[in-house]
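Please work through the exercises below with the sequence and the structure at hand, and try each task before reading its solution.

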Amino acid sequence: MAENHPEHPSATAFLLIVLSFISTLTAVESNPFSRNLSPSSLGLKKPEKLSHLHFYFHDVVTGKNVTAVRVAKAPTMTKSSPFGAVAVMDDPLTISPDIGSKLVGKAQGIYALASQTEASLLMAFNFAFVEGKYNGSNLSVLGRNPVFSAVREMPVIGGSGVFRFARGYAEARTHTFDLKTGTAVVEYNVYVFHY
């Protein structure tokens, strides 16, 4: 070990700092927080596929079979300015605009009115699929949805199951919107890369 040399106190301090640094590096290397992996170790040997999914989203906010409920509102919220309202949804996804058509999944998550000047939502939700080879798989969407624009794009930021490591975008178009009830049917075209 280093001897204490009164005539060279800075050399002793430097030596202690170096030894401390080396022991820290050794500890980090023996217990890593992260590591590099080969994609093939996770079964990612196959080339990526680009899939197109098409379905209809049913957001029912009044009546017997409500699929979206408001869970919070700002104290400043009014009918003319719904800024600050937050809703939770469990909306059916079907193959046609008819809510009674074949169910392919659910849109589960939240949306919040995030603009003070327009009807624009911040949406954070999963498309949870229940049909065919996608049964049990999910796509995660997070983005801005200005609901009165003809076409809206929101990023697909990930997924699970068949859609593990997914990326892409969801394109939304309002099919119908009932001003009295607030119920909406939205057509979705989702384009996603996955393995």
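**Exercise 1.** In this predicted model, decide whether E171 is buried or exposed, and then find which side chain meets that of E171 in a salt bridge.

*Solution.* Begin with accessibility: buried means under 20% relative accessible area, and E171 has 13%, so E171 counts as buried. Next, look for the partner, which is R173, whose side chain meets that of E171 in a salt bridge of 2.6 Å, N to O. R173 itself is partly exposed, with a relative accessible area of 32%.

**Exercise 2.** Describe the surroundings of R152, and state how far away the nearest side chain of opposite charge is.

*Solution.* First place the residue: R152 lies in strand β7, which covers residues 152-160. Then list what R152 touches beyond its neighbours within four places in sequence, including N145, E171, R173 and V186. Although R152 is buried, R152 has no salt bridge, and the nearest side chain of opposite charge, that of E187, is 9.4 Å away. Finally, note that a polar contact of 3.1 Å joins the side chain of R152 to that of T174.

**Exercise 3.** Find which residue forms a salt bridge with E131, and establish where the two partners lie along the chain.

*Solution.* The partner is K102, and the closest N and O atoms of the pair are 3.1 Å apart. E131 sits in the loop between β5 and β6, whereas K102 sits in the loop between β3 and β4, so that the pair links distant parts of the chain, 29 residues apart. As for accessibility, E131 is partly exposed at 30%, and K102 is partly exposed at 43%.

Definitions and conventions
Residues numbered from 1 in each chain as written. Predicted model: local features only at pLDDT ≥ 70, side-chain atom pairs only at ≥ 80, totals over all residues. Heavy atoms only, no water. Helix = DSSP H or I, 4+ residues; strand = E, 2+ residues; numbered from the N terminus. Buried < 20%, exposed > 50% of the residue type's maximum accessible area, 1.4 Å probe, protein only. Lys, Arg positive; Asp, Glu negative; His and termini not counted. Salt bridge = Lys/Arg side-chain N within 4 Å of Asp/Glu carboxyl O. Polar contact = N/O pair within 3.5 Å; in protein donor to acceptor, adjacent residues only side chain to side chain. Contact = heavy atoms within 4.5 Å.
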